[in-house]
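Here is a short tour of one protein chain and the ligand it holds. Keep the 3D view open and find each residue as it comes up.

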Amino acid sequence: MFYICQMANQEDVFKKVISHAKEYGYVFQSSEIYDGLSAVYDYGQNGAELKKNIREYWWQAMTQLHDNIVGIDAAIFMHPTTWKASGHVDAFNDPLIDNKDSKKRYRADVLVEDYVAKIEAKIDKEVSKAAKRFGADFDKEQFVATNGRVLGYQEKIDTILKRLGKSLENEDLADVKALIEELEIACPLSGSKNWTDVKQFNLMFGTKLGASADSAMDLYLRPETAQGIFVNFLNVQKTGRMKLPFGIAQTGKAFRNEIVARQFIFRMREFEQMEMQYFIKPGTQKEWYDAWKEKRLNWHLSLGMGQDNYRFHDHEKLAHYADAACDIEFKFPFGFKELEGIHSRTDFDLSSHEKYSGKKLQYFDPEENKSYVPYVLETSIGLDRMFLAVFSNSLQEEELDNGSTRTVLKLPAVLAPTKAAVLPLLKRDGLPELAQKLVDELKWDFKVAYDEKDAVGRRYRRQDANGTPFCITVDHQSLEDNTVTIRHRDSMEQERVPMDQVKGIISKAVDIRYWLQKI
Ligand code: ATP
């Protein structure tokens with residue numbers, strides 16, 4: 001028997017996740033030899049496999065199991081007008097200011113708004129004082145409209161907000177800074193009033209296309225993959241002769257110049273998304289929203305990582321394009337956080353691209369004998385966040401009967417980078433040759449490892465920590481009767497089986513079919 005050790009606290013668990021990811025070749029800090037690049041990470045030899053397997057699990061669930069969902073691979077560079085139409089050029093802008101002493105960065109408008117909130121709190125205080133004084137006769141509206149002190153506060157608020165609004169509208173960032181200084185706003189962390197200039201900050205990364213400075217065109221690295229799908233909507237619909245409802249799926253890199261970039265691969269500046277846009281008849285969005293919420297949750301649950309680790313979070317404040325939206329949250333080592341978004345996007349994107357491009361992006365409905373802009377239901381999940389969910393959930397410390405502990409990465413077998421390790425018990429007597437023969441046979445179907453170094457117990461531990469679901473040991477008996485021992489990672493149970501059954505046993509455990517059938 002064994003049980004899972006309780007690690008001291010969430011922070012320790014998270015630290016352990018990060019160090020294990022590095023130690024076993026899953027995730028490295030980018031450009032580490034140059035002290036790294038903040039919020040950018042590289043996937044190592046095992047990480048690249050795990051990531052590929054998660055991507056494949058999603059891709060197959062979307063495109064292979066639905067005959068009306070097809071996949072595309074759009075470019076990262078897109079015509080700059082795309083981002084005007086999507087709203088990213090205008091809506092992804094934040095005015096930022098740094099405090100020179102604390103080195104903390106703030107949104108300048110938020111600093112001013114927080115200051116205003118403090119004045120509002122003073123008004124509230126006056127109101128509740130008066131309410132107490134006047135009792136049942138208190139008329140709040142009249143008091144607010146006539147009380148000298150309240151009027152003074154309100155006038156101050158109006159003046160500040162009017163000025164802030166005007167300077168932001170005119171992009172007069174020097175005046176935003178002047179306002180912060182006049183109001184004597186201090187850094188909430190250090191109390192210092194030593195501010196830098198205010199700079200406009202767009203979350204999109206800009207770059208240039210073209211050789212000469214005059215003719216170069218300003219481009220953005222895409223901040224989401226979705227727009228590559230929207231602009232190809234008609235290409236796919238026409239060439240694939242798709243009928244509503246149908247979906248277009250895509251996986252690929254997205255880039256955001258995140259201000260608060262921390263929490264390892266949870267929030268990165270370069271990350272990968274797996275998005276699917278489902279084009280539907282207007283009016284059916286509620287039905288499809290519910291259906292995709294259920295489908296996506298079931299996809300997560302099929303991996304067996306525990307129902308209690310997921311919850312839905314409905315958005316109250318909706319984005320400008322959405323008429324309903326929710327997140328699937330996962331219990332990360334630092335608490336429940338967004339893993340995937342499900343958004344009912346109406347016809348916002350296609351209509352906006354119609355407007356900006358001057359091209360029709362409509363569907364001819366043969367049943368209704370008319371054309372219209374379809375509505376869109378979107379599912380959007382971060383591949384790196386999914387990686388972190390799977391990795392952190394799988395990492396466990398177990399205390400064994402003999403008092404020792406083992407670190408085991410209980411990755412769902414379908415996702416594990418290496419499916420089996422073949423281990424000759426000794427480095428002689430023809431055992432390595434027989435083991436190698438088995439590797440050569442299995443490698444056509446699975447990624448397998450060969451390991452002959454150290455005592456077999458240590459090799460088991462190494463494979464446990466690596467997440468390998470099976471260890472196959474070749475010993476002297478194998479030479480005589482062609483049987484081997486299979487050790488199961490999670491239960492540590494061992495069974496003796498004929499060598500020609502090994503492939504079938506691994507297959508059953510790792511075949512995507514057995515996992516996705518649960519959906
Ligand atoms: P958040 O609120 O965490 O910033 P978001 O609501 O901006 O996320 P979306 O624009 O809906 O995220 O993107 C869809 C998915 O892409 C998210 O659910 C998340 O899994 C992933 N994602 C978004 N931003 C990042 C990032 N900076 N690093 C890694 N994954 C990300």
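Helices and strands here are DSSP runs (H or I of at least four residues for a helix, E of at least two for a strand), numbered from the N terminus. With that in hand, N99 can be placed in the loop between β5 (93-98) and β6 (105-107).

A word on where this comes from. The model is predicted, with local features needing pLDDT of at least 70 and side-chain atom pairs counting only at pLDDT 80 or more, while totals for chains, interfaces and linings use all residues. Residues are numbered from 1 along each chain as its sequence is written, and side-chain values use heavy atoms, leaving out hydrogens and water.

## The whole chain

Counting up the elements gives 18 helices and 24 strands in the chain. Its C-alpha atoms fill a box of roughly 100 × 65 × 60 Å along the principal axes. To talk about inside and outside, we use relative accessible area: buried is under 20%, exposed is over 50%, and partly exposed is in between (1.4 Å probe, protein chains only). By that rule, 49% of the 519 residues in the chain are buried.

## Two buried residues and their partners

Back to that first loop: is N99 buried or exposed? N99 is buried, because its relative accessible area is 1%. Its side chain reaches the backbone nitrogen of S102 at 2.9 Å. That is a polar contact, meaning a pair of N or O atoms within 3.5 Å; within protein, one must be able to donate a hydrogen and the other to accept it, and residues adjacent in sequence count only if both atoms are side-chain atoms.

Now look at T468, in the loop between α15 and β22 (470-474). T468 has a relative accessible area of 1%, so this one counts as buried. The side chains of T468 and Q463 are joined by a polar contact of 2.7 Å.

## Two exposed lysines on one helix

Helix α5 (residues 108-134) holds K118, and K132 is found in helix α5 too. K118 is exposed, because its relative accessible area is 59%. For K132 the value is 75%, so K132 is exposed. Try drawing a line from K118 to Q64: they are 54 residues apart along the chain, and their C-alpha atoms are separated by 56 Å. From K132 to V373 there are 241 residues in sequence and 57 Å in space, C-alpha to C-alpha.

## Backbone oddities

Most residues other than glycine have a negative phi, and most peptide bonds are trans. Which residues are joined by a cis peptide bond? They are L244 and P245, with omega about -5 degrees. P245 is in the loop between α10 (233-239) and β10 (246-255).

S31 is not a glycine, yet its phi is positive, near 50 degrees. You'll find S31 in the loop between β2 (27-29) and β3 (41-43). Its relative accessibility is 35%, so S31 counts as partly exposed. D454 also has a positive phi, near 75 degrees, and is a residue other than glycine. Its spot is the loop between β21 (448-450) and α15 (456-466). D454 counts as partly exposed because its relative accessibility is 30%.

## Around the ligand

Which residues come nearest to the ligand? Of the 15 residues around the ligand, they are R256, E258, R267, M268 and E338. Being around it means having a heavy atom within 4 Å. Here are some polar atom pairs between ligand and protein:

| Ligand atom | Protein partner | Distance |
|---|---|---|
| oxygen | R267, side-chain N or O | 2.8 Å |
| nitrogen | M268, polar backbone atom | 2.8 Å |
| oxygen | Q273, side-chain N or O | 3.3 Å |

On its own, the ligand has 590 Å² of accessible area, and the protein covers 81% of that. Those areas come from the Shrake-Rupley method with a 1.4 Å probe; for residues, only the protein chains shown count as cover.

The elements giving two or more residues to the shell around the ligand are β11 (270-280), β14 (335-346) and β17 (375-382). β14 gives the most, with 5 residues. The shell residues divide into 4 nonpolar, 5 polar and 6 charged. In this count, Ala, Val, Leu, Ile, Met, Phe, Trp, Tyr, Cys and Pro are nonpolar, Asp, Glu, Lys and Arg are charged, and the others, Gly among them, are polar.
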